[in-house]
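Subject: Structure handover

Hi,

As promised, here is the structure for you to open alongside this message. My notes on what turned up follow straight after it.

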Amino acid sequence: MLLESLSAYGARDTLASLPDEVLHYAKRAVLDWLSALYPGTRISPCRELVAAHAEELGVGRSSLPGNGTTAFPATAAWINGSASHAPEFDDIFRDGAYHPGCPVIAAALAMAEHQRASGRELLNAVVVGYEISTRIAAAMQPSHYRYFHTTGTVGSLGAAAAAAALAAPGKSAVMGHAIATSATMAAALQQAFRSDAMSKALHAGHAAEVGVRAGQGAAHGVTGVADILEGEVGFGAALATDVRWDSVLDGLGERYNITRMTQKNHGCCGHTFAAIDAALALREKGVRPERVQAIEVKTYRAALDVAGYPDPSSAFEARFSLAYVLAHAMRQGSVRLAAFEPHALADADTRALMRKVTIIEDPQLTAGFPSMRAARVAIVTDDGARHEHFAPYRKGDPEEPLSDADLNDKFDELAGPVLGASRARELREAVWRLDTRDVSDLALASDRPAG
């Protein structure tokens with residue numbers, strides 16, 4: 001059965017001396033996740049979750065970075081996973097329409113701290129969680145994404161694999177039962193994207209928590225169903241159509257998907273990135289926002305469905321409004337955290353430019369989803385000239401990855417205001433050396449807001 005093969009791989013790589021390149025990319029993933037986590041601790045739903053679980057805090061060894069306290073592993077994974085997804089700066093596995101970092105690393109960190117694990121053990125667990133879940137996610141697309149948020153569904157399986165790797169290193173039976181148990185508890189609906197609620201961020205936290213509980217339970221004898229993935233009424237049958245299960249084991253343990261992640265360069269929905277990049281390319285060529293008469297965006301269907309808010313009234317809606325983030329990018333040259341402050345959302349010139357944006361589905365680009373994330377942008381200026389740019393992929397995608405220096409800058413920008421520049425720099429350097437030290441050396445539970 002598929003689960004048996006996945007578990008055998010996971011048990012092996014939990015204890016393996018992974019290639020230096022793979023470990024390096026695992027450190028990149030951890031640093032990028034922390035970049036998303038720290039600003040997420042300052043906004044909803046983290047604030048509400050910390051208040052809701054106040055009586056559970058200050059116990060256990062699993063940290064709540066940015067909140068200066070700890071919790072038991074499942075609670076920490078729930079809060080950290082949700083917080084890291086909220087700012088929309090988390091990583092993406094493009095082929096799976098999936099953000100693995102939020103569920104997998106939140107679960108792995110909570111378990112690593114609980115188990116007093118080494119940094120290398122944490123990194124191995126992260127790799128195992130990424131490799132198993134990204135392959136399942138890719139096999140279920142594009143049909144799964146029509147109704148389900150992959151980060152909350154498949155993310156549960158990745159979190160369970162990572163948790164089991166730390167709870168029972170090298171034990172394939174434990175990993176199999178953990179993944180199986182998490183599969184029957186996985187949940188996350190696309191409808192959560194379509195209102196200004198906190199549910200979308202909670203999907204990642206739920207997946208992380210489910211993974212931790214499944215991993216801990218399996219380590220103590222809780223069993224799961226062996227054919228839960230490909231069974232006739234199992235995970236694939238219920239949540240997708242035409243699942244390509246035969247592709248899941250292709251290259252597993254040889255070609256590592258963690259080396260092919262997309263790290264976000266913009267602080268909004270990833271479906272908007274290609275259009276933003278195309279607009280910024282035209283801006284760099286001299287197209288000025290005050291001279292724009294019309295903007296036409298042709299892109300794939302999911303971008304319209306998920307990022308189609310025409311008149312956003314909140315930061316959440318703005319992050320999922322292609323028209324807003326494109327107009328802001330044309331005016332300001334980037335889409336960072338400041339794009340979603342009240343003064344930016346209310347800017348009259350940005351709003352006026354938004355009304356000039358038309359978004360159209362391109363069937364050819366839709367057919368390429370999810371492995372292709374492209375957009376064509378055409379801008380007509382007041383002299384009648386038409387300026388066009390095609391972005392076949394996004395900055396941060398494997399074709400144009402963010403460098404280590406870019407990730408350092410991203411961490412400093414996003415985590416620095418929360419931690420203070422000195423502590424942010426210290427933590428960043430510690431993450432790059434994580435394979436040579438213990439997880440406890442990161443001292444994440446001591447991190448409180450700067451100042």
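Three helices, α9 (199-219), α13 (315-319) and α18 (404-419), each supply at least two residues of the lining of the largest pocket. Of these, α18 makes the largest contribution, with 4 residues. Please keep in mind as you look around that this is a predicted model. The pocket has a volume of about 580 Å³ and is lined by 27 residues. If you want to centre your view on it, go to Ile-43, Ser-44, Ala-86, Ala-315 and Arg-319, the lining residues that lie nearest its centre. By class, the lining consists of 16 nonpolar, 3 polar and 8 charged residues.

Which parts of the chain does this pocket draw on? Both domains: domain 1 (2-265 + 404-446) and domain 2 (272-391) each give at least three residues to the lining.

That brings me to the domains themselves. The protein chain is divided into domain 1, which is made of two segments, 2-265 and 404-446, and domain 2, which covers 272-391. Taken over C-alpha atoms, their centres are 31 Å apart. At the interface, 24 residues of domain 1 are in contact with 17 residues of domain 2. Together the two domains bury about 1800 Å² between them, and 62% of that area is on carbon and sulfur atoms. On the domain 1 side, Arg-94, Phe-193 and Asp-196 supply 26% of the area buried against domain 2, more than any other three residues.

How many salt bridges cross the interface of domain 1 and domain 2? The count is 1. While you are looking at charged pairs, have a look at Arg-336 and Glu-413 too: they form a salt bridge in which the closest N and O atoms are 2.7 Å apart.

Now for the enclosed spaces. There are 2 cavities of 30 Å³ or more. The largest has a volume of about 140 Å³, and 17 residues line it. His-99, Tyr-145, Cys-269, Gly-270 and His-271 are the lining residues nearest its centre. Its lining is mixed in class, with 7 nonpolar, 5 polar and 5 charged residues.

The second largest cavity holds about 40 Å³ of space. Its lining is made up of Val-30, Trp-33, Leu-34, Ile-105, Leu-109, Leu-122 and Leu-442. What is the class make-up of this lining? It has 7 nonpolar residues, with no polar and no charged ones. Two helices, α2 (20-40) and α5 (101-115), each supply at least two of these residues, and α2 gives the most, with 3.

Finally, a few backbone details that you may like to check on screen. A cis peptide bond joins Ser-44 and Pro-45, with omega at about 5°. Pro-45 sits in the loop between α2 and α3 (46-52). Ser-44 has already come up in this message, as one of the residues nearest the centre of the largest pocket. Another cis peptide bond joins Phe-369 and Pro-370, again with an omega of about 5°. Pro-370 is placed in the loop between α17 (363-368) and β5 (375-381).

Which residue has a positive phi although it is not a glycine? That is Glu-88, with a phi of about 65°. You will find Glu-88 in the loop between α4 (73-85) and α5, and α5 is also one of the helices that line the second largest cavity.

If you are short of time, I would begin with the largest pocket, where residues of both domains come together in the lining, and then go on to the Arg-336 to Glu-413 salt bridge.

Enjoy looking around, and do write back with any thoughts.

Best wishes

How values were computed:
Residues numbered from 1 in each chain as written. Predicted model: local features only at pLDDT ≥ 70, side-chain atom pairs only at ≥ 80, totals over all residues. Heavy atoms only, no water. 1 Å grid on protein atoms, 1.4 Å probe; cavity = no way out; pocket = protein on both sides within 12 Å on 5 of 7 lines; lining within 4 Å. Points joined across faces, edges and corners; volume = space filled by probe spheres on them. Nonpolar A, V, L, I, M, F, W, Y, C, P; charged D, E, K, R; others polar. Domains from an automatic or database assignment. Contact = heavy atoms within 4.5 Å. Buried area = accessible area lost by both parts, 1.4 Å probe. Salt bridge = Lys/Arg side-chain N within 4 Å of Asp/Glu carboxyl O.
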